[in-house]
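Trainee: Could you give me a close look at one buried histidine in this model? Once that spot is clear, I'd like to know how it fits with the rest of the chain.

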Amino acid sequence: MTDDTDGKTGGGKTGDDQSAAGRPDNGAPGFTRRFLMLAGGYWFGRTRVTVWAMTVALVVLTIGQVSIPVLINLWSERLFDALEQRSMDRLMTMIGLVGLIIVYNIVIVVLHLRVKRRLQMGWRDWLTRKLLEDWLRRGRHHQIAYLPGEHDNPDGRIAEDIRITAEVAIDLGHSLTYCALLLVSFTNILWMLSGTLTVTVFGSELSVPGHLLYVALIYAVVGTSIAMLIGQPLVNAVNRRQGYEADFRFALARIRENGQTIALLHGESAERGHLTGLFAGVARGWNRQTAALANMMVFSASYSVLSAAFPILVAAPRYITGAITLGVLMQTAQAFQQTVGALSWPIDNLPRAAEWRASVERVLNLHDALVRLDREVCDVPDGHIQVVRADEHKSLTFTGVAIDEPNGTAVVHSFDLEVRPGDRVLIGGDATATIRLFRAVAGVWPWGRGLITLPAHTRVFFMPERPYLPHATLRAVLAYPGTASSLADDKAADALVSVGLPDLVDRLDSLDRWDEVLSVPERQRLGFARLLIRRPDWIFLEDATDSLDPPAEEELLTLMERELPNATLLTIGHHAGLDAHHGRKLVLERTNGAVTLREEVREVLPATESAA
């Protein structure tokens, strides 16, 4: 935990909020609006000039990409006409022209790739920073776990789903723009090449200009409609599979984080069983997606082959009758294929669009949960526990504080309390209530009511039961959440020796998984080393000595009293040995399901009596 208790936190959920938690907005307008509200700010932030410049460049390069098939189409007409006329001079000219087209295409493709990938990474970076800022702010990453809804596995949503959201959105946007421009270009070409078809209807001749364009439109609309109908189950299958995959990844990460505990308990068999069950869900999701893809592939395979042959068969009668040359026939076939290909964008992109939609929903659900949490915390002044700093206050005061569970169930009934500077207060009794109280003071448990006021301009230190040890050098671990460079060698060494960890002095700049290397008692000693380095004015301990034997516990508590004699101490603990080091004791008693606060006045025993 950190010592950031500035500002306000809050809680209290309404029934509507709970019912809305995690309910995806399946309507397209709602989805689009939510997505733009979350991700659209990238184009209007402080780097908007650069972002818009890259966007415009991407559109210009996309136009350049569209010009390639247009040039190839015009080149094909002249090539096949040259072949039909057996003209070697014209053939050599066509060979030279195709070389220029190749060079032009290489330049366009490489520039387009660089601009697109820079835009994709920039958007992903912006969106990741935004979610991380919202998630890792005043305990939100801890609080959100208590909210109902579809926002589990936030690590996977931030790492993987944001990547898919940004990368695939730009890919789909580019391909849609490309197809739209391609359609405009080849619609005009196909219209001109179609000529006018004369048909007899009931004895009357009817002229149909651009008939091949109408055929292409009908062909594409029928194909797209069938594909959308067949592909709808694919959208649901992709969404379910991504949820299964996220659960499996999260379980693996939990095992990695708690490897030592699992090994000590010999829990490998239980974990294997749990992972096997989760992977069975992954397999089910995979099989459902495979079945949906197979149905889609049956249609796509038939459609792609037919699309290659159909335009030639449609235009062949005009070539056989001599109405058009071989070059025009091939140009017409290509124009028909390009037009149908542009109109077939939904068919070609439905699987990827389904994957993108599922990932966006997962990101939106996490963002919506954070917004809902902020709304509950900030928008209802009397509906949550407020933690503030005040210049005029010298004491820690609880005014009308009541603590609830996130669902509204009362944990601790309303109470008032003052902790004066220099007090040493032991908090015991109901385990759930004491932990909730500790977190409320830290500002990370907003559910309840009342006001907690801390003195301003004082150093506060919260030490949880198991200190968090990041994967970093030992110096960085001791300085956390500060920087390693701020901690001098002598200061770190003195702290380690004082808490009984002299063997670690020579490993200050060693990088290791300290949460696995150190035993639980050693980790708790390391927590006291942090305490000596920070030298706070207010100290909050949560079962910070429960893994130590009585002599070690006595040693560290005495050390703290000697090194920080003027600090105010609030300790959550249930060991009899703690009583001698605290002058006041608060007991949270549960009676008939309700927890009330009772205070006992204790005198600190002299060191000799305590030892006796």
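**A close look at H367**

Mentor: H367 has a relative accessible area of 13%, and since buried means under 20%, this histidine counts as buried. Keep in mind that we're looking at a predicted model. H367 sits in helix α11, which covers residues 345-378. Skip the residues up to four places away in sequence, and H367 touches L38, K130, L131 and D134. Now set those names against the helix limits: α4 takes in residues 88-135, and K130, L131 and D134 have numbers inside that span.

Let's follow α4 to another buried spot. L119 is in this helix too, and with a relative accessible area of 2% it is buried. Leaving out neighbours within four places in sequence, L119 is in contact with Y42, V51, M54, T55, L58 and I170. Of these, V51, M54, T55 and L58 have numbers within 48-84, the range of α3. You can also look at L119 alongside A166: the two are 47 residues apart in sequence, and their C-alpha atoms are 9.0 Å apart in space.

Between α3 and α4 is a loop, and R86 is in it. The backbone there deserves a glance, as phi of R86 is near 50°, a positive value in a residue that isn't glycine. As background, most residues other than glycine have a negative phi. R86 is exposed, at 74% relative accessibility.

Compare D543, where phi is near 45°, again positive in a residue other than glycine. D543 belongs to the loop between β11 and α17, the latter being residues 550-563. Its relative accessible area is 14%, so D543 is buried.

If you want a helix residue with some exposure, try I312. This isoleucine lies in helix α9, residues 268-320, and its relative accessible area of 34% makes it partly exposed. Beyond its neighbours within four places in sequence, I312 is in contact with L329 and A333. Its C-alpha atom is separated by 8.8 Å from that of Q334, 22 residues away along the chain.

On to the strands. β7, residues 448-455, has six of its eight residues buried, so the rest of the structure largely encloses this strand. It has strand partners running in opposite senses. β3, residues 386-390, runs parallel to β7 and is joined to it by five bridges, with A390 partnering P455. β4, residues 396-404, is also joined to β7 by five bridges, but this pair is antiparallel; here A402 partners R449.

Then there's β8, residues 460-463. V460 and F462 point one way, F461 and M463 point the other way, and all of them are buried. β8 pairs with β11, residues 538-542, in the parallel sense over four bridges. Within that pairing, V460 has W538 as its bridge partner.

One more backbone detail: the peptide bond from Y480 to P481 is cis, with omega near 5°. Most peptide bonds are trans. P481 is in the loop between α13, residues 474-479, and α14, residues 489-498.

Now step back to the whole chain. The protein chain has 18 helices and 14 strands. Its radius of gyration is 35 Å, well over the 25 Å from the globule rule for 612 residues, so the chain is more spread out than a compact globule. Along the principal axes, its C-alpha atoms fill a box of roughly 120 × 55 × 55 Å. Buried residues, H367 among them, make up 45% of the 612.

The contacts tell you about reach along the sequence. Take the contacts between residues at least 6 apart in sequence: 79% of them join residues at least 24 apart. As for the surface, the chain exposes about 30,200 Å², with carbon and sulfur atoms supplying 60% of that. It carries 60 positive and 69 negative charges, and the mean positions of the two sets are 6 Å apart.

So, back where we started: H367 is a buried residue of helix α11, in touch with L38 as well as K130, L131 and D134.

Note on methods:
Residues are numbered from 1 along each chain as its sequence is written. This is a predicted model: local features need pLDDT of at least 70, side-chain atom pairs count only at pLDDT 80 or more; totals for chains, interfaces and linings use all residues. Side-chain values use heavy atoms; hydrogens and water are left out. Helices (H or I, at least four residues) and strands (E, at least two) are DSSP runs, numbered from the N terminus. The radius of gyration is taken over C-alpha atoms; the globule rule is 2.2 Å times the number of residues to the power 0.38. Buried means under 20% relative accessible area, exposed over 50%, partly exposed in between (1.4 Å probe, protein chains only). Contact means heavy atoms within 4.5 Å. Accessible areas come from the Shrake-Rupley method with a 1.4 Å probe; for residues, only the protein chains shown count as cover. Lys and Arg count as positive and Asp and Glu as negative; His and the chain ends are not counted. The place of a charge is taken as NZ of Lys, CZ of Arg, CG of Asp or CD of Glu. Two strands pair if DSSP finds at least two bridges between them.
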